[in-house]
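Here are a few exercises to work through with the model open in your viewer. Try each task before you read its solution.

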Amino acid sequence: MSDIVGGADLSGSVSVTAESSKATGFDANRIAEVKAWLTSQFDAAGKDVPDFEYTPRSINELHKIATLSQAKTQAAVIVANDHRQKAAEYRSQAARIREILESVGLAQESLPSNVVSSAHVLAKVANLLDVRDTELSSLLVAVADLSLRKTAVEEKRAKVQQESKVLLEYTRKAIARLTYLKRTLSQLEDDIAPCEAQMENWKTNLAIMESKERQYLQEYGYYKAVLNRVGYTPEISHGVLVEMAEHKKDLGKKTKPILDTLRSYQDLPPDKALAALAIEDKKRQYAAAEKYLEDVLQSALASSE
């Protein structure tokens, strides 16, 4: 807050009377807290608090900012004090360790340069491995943990590479599919003109077929009326006529021997009595054959119905 205030060119002071506070109905405690916070922040920046109008909205917003700023300031003070305390402890511990090393003749000034550099490298390794001491066990545990993390990272990397290969294969297939679809689309676009011409031809043919259908329906109605006038019935069909013709052929085959016998009687002796008897006998046979023929025809018609 002090940085923000320090960068502004403000002058003047805040003056709020008790009458204005009572008239506006503001919370006097909240206004006092805001005024105190503004004064402390602007004083820290070496500036005067500017004049502004107190409104319920401005007081509420400033109170929220002041509360948040004070909370963060307190947290920062606590962290800073903790860091100072830790730094003091580290300094005291370093001094104690230095005294111990000097008492046993291992002061830093008396050590060779390679030993000092090795100690610095060991300290850097310890910091890198995030260990609190340079014991061999701690370093081994840290190295083992680092190896485990490295293995986990390598496994994750292998998994990511495998997934990348799968995605790359999918991408290749998608590109091939897209190329095929583009080629198909181009072919379809090229086929639009011939298909439209064919559709126009089909429309023309369809109109002709509809005209022919109407013509055929008219002719069908005309021929149906003609058949009704001449007494055509559904029983008289081509199949029935074929069956009757076949029956006629069968009857012709059956009556042929009788006709041959009748013709043979033309060679009878001129005896009138015998001839008369023979003629009467043949007439009876012929009548029986005609009756049989009628029965057969009637049965054929009845079966067709």
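A nonpolar core is a set of buried Ala, Val, Leu, Ile, Met, Phe, Trp, Tyr and Cys residues joined through side-chain atoms within 4.5 Å. Keep in mind that you're looking at a predicted model.

**Exercise 1. Find which residues make up the largest nonpolar core, and say which helix gives the most to it.**

Solution. Start with the members: there are 7 residues, namely Val 34, Trp 37, Leu 38, Phe 42, Val 49, Leu 62 and Ala 66. Next, sort them by element: helix 3 and helix 4 (56-103) are the ones that give two or more residues. Helix 3 comes out on top, contributing 4 residues. Now zoom in on one member, Leu 62: leaving out residues up to four places away in sequence, Leu 62 touches Val 34, Trp 37, Leu 38 and Phe 52. Finally, there's another core apart from the largest one, made of 5 residues, including Ala 126, Leu 129, Leu 139 and Ala 142.

**Exercise 2. Work out where Asp 27 lies and whether Asp 27 counts as buried, partly exposed or exposed.**

Solution. First, the location: Asp 27 is in the loop that runs between helix 2 (18-24) and helix 3 (28-44). Second, the accessibility: the relative value for Asp 27 is 42%. Buried means under 20% and exposed means over 50%, so Asp 27 counts as partly exposed. Third, check a partner further along the chain: Pro 56 is 29 residues away in sequence, and its C-alpha atom is 9.1 Å from that of Asp 27.

**Exercise 3. Identify the residues of the nonpolar surface patch of about 320 Å², then classify Leu 101 by its accessibility.**

Solution. The patch is made by Ile 97, Leu 101, Val 104 and Leu 106. Pick out Leu 101, which sits in helix 4. Its relative accessibility is 35%, so Leu 101 counts as partly exposed.

**Exercise 4. Describe the whole protein: how many helices and strands are there, what share of residues is buried, and what share of the contacts is between residues 24 or more positions apart?**

Solution. Count elements first: you get 8 helices and 0 strands, in the order α-α-α-α-α-α-α-α from the N terminus. Then burial: 11% of the 305 residues count as buried. For the surface, the accessible area is about 24,900 Å², with 59% of it belonging to carbon and sulfur atoms. Last, the contacts: among those with a separation of 6 or more, 67% are between residues 24 or more positions apart.

Technical notes:
Residues numbered from 1 in each chain as written. Predicted model: local features only at pLDDT ≥ 70, side-chain atom pairs only at ≥ 80, totals over all residues. Heavy atoms only, no water. Buried < 20%, exposed > 50% of the residue type's maximum accessible area, 1.4 Å probe, protein only. Contact = heavy atoms within 4.5 Å. Patch = residues over 30% accessible without salt bridge, like charges linked within 9 Å, V, L, I, M, F, W, Y side chains within 5 Å. Areas by Shrake-Rupley, 256 points an atom, 1.4 Å probe, with all protein chains shown as cover. Salt bridge = Lys/Arg side-chain N within 4 Å of Asp/Glu carboxyl O.
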